[in-house]
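Colleague: I am new to this structure and would be grateful for a close look at a single part of it, the metal site. Please also set that part in the context of the chain around it.

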Amino acid sequence: MEKFIRGLPKAELHVHIEGSLEPELLFQLARRNGVPIRFDSVRALRESYRFTGLQSFLDIYHEGAAVLITERDFYDLTLAYLEKAGSQNVRHAEIFFDPQTHTDRGVPFETVVSGIHRALEVGNRKLGITSKLILCFVRHLSEQRAMETLEQALPFKHRIVGVGLDSSELGRPPEQFVNVFARAREEGFRVVAHAGEEGPPDYVSQALDLLGAERIDHGVRAIEDPELMKRLAKEQIPLTVCPLSNVKLRVFASMAEHSLGRLLDAGLRVTINSDDPAYFGGYVTENYLAAQRALDLDRDRIHRLAANGFRASFIAEAERNAFLEELDDYVAAH
Ligand code: ADE
Ligand code: ZN
């Protein structure tokens, strides 16, 4: 099973590029840019990655992101992620970035997008990974600030497929961001949103009904609402589930208690993703392996999870069919 999972052609639809910043690269960039860090070794930094919930993680994540300053930093960060993803047979990646985390520190929007974009082109050409970029508004800042960020993104519309909503969820329901998402939809952006990670199932409904979300990031707390479960199954709304993240951030006390298997067996379009792989102990393959072992997922379920990744992606129909065919051929041959 492990070999089967490692070689499986995969899509990754939920990865924050800032969350793929490994401690080694973090130290290297800190040195290159003269940014002070409060740890004296990679090991000490890695040992600080113990979280009590989403906010305790976000504090460390924002601290880490402060070493990203130049276009080259964003390029190096993104290329390192793509190389790792490629080694795990990720064939297509839809990558989140949080521009406000950088523009708030004085790093220009263009620097961020250009660095990431240049690496995505190299990833496509040299590693054969197709990709899309999704801008996330951070919900700990106001809708007004999100609107300003959307304005900044308009000149780069051709490089950004969609918008999402991330950061501290509790107390910040999707309804607070209705206007900025309406504007983003008018501008032709696809829409996703984090909901039902720490927040209640009602935030999932709000993301669908008020923001027009086409996919829900996490959504694992939907399991608490039978009516919502029926709707998600009927409408085949994709959930981008990140198993290791949910255990690290204590959404579930252990992997054995994770709702992923129940969501999948209820007919929901569940996918497996890494969220912030440098902080949560693994990339997409490790997420598949941890969920498979704890929940005893069989080959058919693993196949379905991988197929759902391609089905839920924002790629053109012909490309999607080619990936699904590649996946089916792999499963038939292994
Ligand atoms: N930003 C980075 N990772 C996140 C997560 N798991 N939830 C919300 N915002 C995030
Ligand atoms: Zn996330």
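Modeller: The account below begins with the metal site and then turns to the chain around it.

The model is predicted. In it, the zinc ion (ligand 2) is held by four residues: His14, His16 and His194, each through NE2, and Asp275 through OD. These donors lie at 2.0 to 2.2 Å from the metal. As for the geometry, the angles among the 4 donor atoms run from 82 to 173°, and the site is irregular. Four donors would count as tetrahedral only if all angles lay between 85 and 135 degrees, and the range of 82 to 173° does not meet that condition.

Along the chain, the donors are spaced as H-x1-H-x177-H-x80-D. Histidine 16 belongs to strand 1 (residues 10-16), while aspartate 275 sits in the loop between strand 8 (269-272) and helix 14 (277-280), so this pair ties together parts that are 259 residues apart in sequence. Both histidine 16 and aspartate 275 are buried.

Another donor, His194, leads to the surroundings of helix 10, since strand 5 (190-195) is included in what covers the buried residues of that helix. The cover of those residues also includes strand 4 (162-166), helix 9 (178-186), strand 6 (215-218) and helix 11 (226-234). Helix 10 itself (residues 201-211) is mostly covered, with 8 of its 11 residues buried. Among them are Pro201, Tyr203, Val204 and Leu211. After helix 10 comes glycine 212, with a positive phi near 75°.

The cysteines form no such link between distant parts: the count of disulfides is 0. The sulfur of cysteine 136 has its closest cysteine sulfur in cysteine 242, 11 Å away, which is too far for a bond. Cysteine 136 is buried, with a relative accessible area of 0%, and cysteine 242 likewise counts as buried at 0% relative accessibility.

Finally, the chain as a whole. It contains 17 helices and 8 strands. Its radius of gyration is 19 Å, close to the 20 Å given by the globule rule for 334 residues, so the chain is as compact as a globular protein of that length. The C-alpha trace spans about 50 × 40 × 40 Å along its principal axes. Of the 334 residues, 58% are buried. Among contacts between residues at least 6 apart in sequence, 77% join residues at least 24 apart. The chain exposes about 12,900 Å², of which carbon and sulfur atoms supply 48%.

Key
Residues are numbered from 1 along each chain as its sequence is written. Chains are lettered from A and ligands numbered from 1 in the order in which they are written. This is a predicted model: local features need pLDDT of at least 70, side-chain atom pairs count only at pLDDT 80 or more; totals for chains, interfaces and linings use all residues. Side-chain values use heavy atoms; hydrogens and water are left out. Donors are N, O and S atoms within 2.8 Å of the metal (3.2 Å for Na, K and Ca); water is not among the atoms, so sites may look incomplete. Four donors count as tetrahedral if all angles lie between 85 and 135 degrees; four count as square planar and six as octahedral if opposite donors are over 155 degrees apart and all others between 65 and 115; anything else is irregular. Helices (H or I, at least four residues) and strands (E, at least two) are DSSP runs, numbered from the N terminus. Buried means under 20% relative accessible area, exposed over 50%, partly exposed in between (1.4 Å probe, protein chains only). Contact means heavy atoms within 4.5 Å. A disulfide is a pair of cysteine sulfur atoms within 2.5 Å. The radius of gyration is taken over C-alpha atoms; the globule rule is 2.2 Å times the number of residues to the power 0.38. Accessible areas come from the Shrake-Rupley method with a 1.4 Å probe; for residues, only the protein chains shown count as cover.
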